[in-house]
Amino acid sequence: MLCGVLLIGACSEGDDDTKPTDTTPAAVTTEPSTSDTDATDTTLGVPECSTEGISDTEINIAYVFSDTKVLQEAGLVPNTGDPYLQFSTFADKVNSAGGASGLQLNVTSHSFGAGAPATDQMPACISATEDENAAILVYLGGYSPELVLCGADDHERIILAISGLASRDVYDAVAGRYFNKAMSSERLAAGWVKLADQQGLLEGHTLGIIRGDFADHEVYANAIKAELEAAGYEVAEDVALPCEGRNCEQNDVGAQRLQASGVDTVFSLLSALAYPTFVGAAEVVGFDPQWLSSDFENQVFNSSAKFMESVGGSYDGAIGVSYQIDDTSPDDYGQACNDTFSEITGITYTFGTDSDAWLNTRSQCQAVDLI
């Protein structure tokens with residue numbers, strides 16, 4: 001097992017907006033064994049762990065991400081900037097100041113296409129672990145559960161996820177090697193149902209679910225159905241669209257199934273790329289329900305909301321639930337990160353004008369600080 005001390009120590013000290021000042025890793029100790037050790041022996045054992053990707057002078061970091069550059073340039077997705085440039089800029093700054101606990105961060109880039117299915121994401125994991133021998137893999141978002149299992153279970157490396165939800169069974173499978181700022185998908189489902197019920201969105205309504213035919217979507221849908229059942233509700237129709245990557249088919253058929261079942265309130269689990277297509281298909285067949293969205297598949301971010309502009313008339317009035325704090329003004333930490341990035345690269349993002357890129361830069365800055 002790879003030691004988790006670097007991230008564990010960083011995550012347990014300070015808050016979100018405070019840069020770590022002590023870069024010395026905390027000691028890892030265990031209770032002494034009473035079976036093989038003399039009772040008077042007070043020496044604490046240190047568990048064996050992998051030093052793969054760690055030398056006396058450096059630690060290998062792999063940055064693994066969904067590359068949306070072409071889509072950004074085409075105006076099909078919001079401009080979040082170049083995430084690898086952002087991350088590597090802050091890593092280089094750390095290196096110039098002596099590194100992390102004296103270790104230089106040796107960062108490599110590994111990407112896969114936006115909306116790529118799990119099988120097409122695997123080469124990035126293999127390259128990061130087997131070719132570059134990374135000790136820590138940083139995942140930006142848009143990744144599948146299989147990519148988490150590849151890095152943290154198959155190869156026993158630490159993963160630091162900047163965004164993206166995972167189910168409880170993924171956390172359980174990787175023995176504490178997956179660090180994520182987000183909550184589990186089951187916890188989000190519980191909060192979503194509870195809040196929707198409190199807001200009077202469920203009682204007296206016919207409920208449906210629309211999702212992709214993916215394993216993680218099925219887990220999340222089952223969690224929602226379990227929470228609804230516990231609250232005294234049931235799902236009239238659970239539609240799983242056949243999908244390739246994040247593009248789904250038979251949208252009109254799915255909309256008609258929900259419509260035929262009398263559904264008037266829909267829990268959507270679709271990705272930001274597939275969601276507007278389905279809303280458009282629903283509009284064509286005259287299906288106009290109350291749309292419910294959540295942080296699953298990042299539906300309620302300001303950036304992903306822009307995907308819905310083409311179907312804004314039908315999507316107007318949608319209600320979303322998020323565990324995120326709405327950033328209405330720049331915070332000091334984020335501004336300091338962006339000022340540093342601008343000073344080094346000459347690229348300047350302004351909060352309010354380039355908020356998506358500004359916030360993404362802040363996220364990369366914080367990820368390096370955590371490491």
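In the predicted model, 15 aromatic pairs are counted. A pair of aromatic rings is described by two quantities, the distance of the centres and the angle of the planes. For Y220 and F296, the ring centres lie 4.1 Å apart and the planes meet at 25°, so this pair is stacked, given that planes under 30 degrees apart count as stacked. Y220 belongs to helix α8 (residues 215-230), whereas F296 sits in the loop between β11 (290-294) and α11 (302-305); the pair therefore ties together parts that are 76 residues apart in sequence. Y220 has a relative accessibility of 0% and counts as buried. F296 also counts as buried, at 6% relative accessibility.

A second arrangement is found for Y275 and W291, whose ring centres are 6.2 Å apart and whose planes stand at 80°, so the pair is edge-to-face. This pair, too, links distant parts of the chain: Y275 is in helix α10 (residues 275-284) and W291 is in strand β11, 16 residues apart. Y275 counts as buried at 1% relative accessibility, and W291 is buried with a relative accessible area of 2%. Both residues take part in a wider cluster, in which ring pairs link Y275, F278, F287, W291 and Y315.

The interior was also examined for enclosed space. The count comes to 4 cavities of 30 Å³ or more, and the largest of them has a volume of about 50 Å³. The lining of this largest cavity consists of P145, L165, A166, S167, V170, S185, D216 and F296. By class, 5 of the lining residues are nonpolar, 2 are polar and 1 is charged. F296 thus appears in two settings, as a lining residue of the largest cavity and as the stacked partner of Y220.

The strands are considered next. Strands of a sheet pair through backbone hydrogen bonds, in either a parallel or an antiparallel sense. One open sheet is formed by 5 strands in the order β7-β6-β10-β11-β12, with parallel pairing. Its edge strands are β7 (235-241) and β12 (319-321), each of which pairs on one side only. On average, neighbouring strands of this sheet are turned by 20° against each other, direction ignored.

Within this sheet, β6 and β7 pair in the parallel sense over 6 bridges, and I210 has V239 in β7 as its bridge partner. Strand β6 (residues 207-212) is mostly covered, with 6 of its 6 residues buried. In a regular strand the side chains alternate between the two faces of the sheet. In β6, both faces are covered: L207, I209 and R211 are buried on one side, and G208, I210 and G212 are buried on the other. Toward the opposite edge, β11 and β12 run parallel and are joined by 3 bridges, with L292 having I319 in β12 as its bridge partner. Strand β11 also carries W291, the partner of Y275 in the edge-to-face pair described above.

A further open sheet of 5 strands has the order β2-β1-β3-β4-β5, again with parallel pairing. The edge strands here are β2 (104-113) and β5 (178-180), each pairing on one side only. The twist from one strand to the next averages 20°.

Strand β1 (residues 58-67) is joined to β2 by 10 bridges, and the two run parallel; D67 stands opposite G113 in β2. Strand β3 (residues 136-139) runs parallel to β4 and is joined to β4 by 4 bridges, and the bridge partner of I136 in β4 is I158. Both faces of strand β4 (residues 158-161) are covered, with I158 and L160 buried on one side and I159 and A161 buried on the other. At the edge of this sheet, strand β5 contains Y178, which is buried with a relative accessible area of 5%. The C-alpha atoms of Y178 and R157 are separated by 8.7 Å, although these residues are 21 residues apart along the chain.

Key: Residues numbered from 1 in each chain as written. Predicted model: local features only at pLDDT ≥ 70, side-chain atom pairs only at ≥ 80, totals over all residues. Heavy atoms only, no water. Phe/Tyr/Trp six-rings, centres within 6.5 Å; stacked < 30°, edge-to-face > 60°. Buried < 20%, exposed > 50% of the residue type's maximum accessible area, 1.4 Å probe, protein only. 1 Å grid on protein atoms, 1.4 Å probe; cavity = no way out; pocket = protein on both sides within 12 Å on 5 of 7 lines; lining within 4 Å. Points joined across faces, edges and corners; volume = space filled by probe spheres on them. Nonpolar A, V, L, I, M, F, W, Y, C, P; charged D, E, K, R; others polar. Pairing = 2+ DSSP bridges. Axes fitted to C-alpha atoms, helices over the stretch in contact; angles between N-to-C directions.
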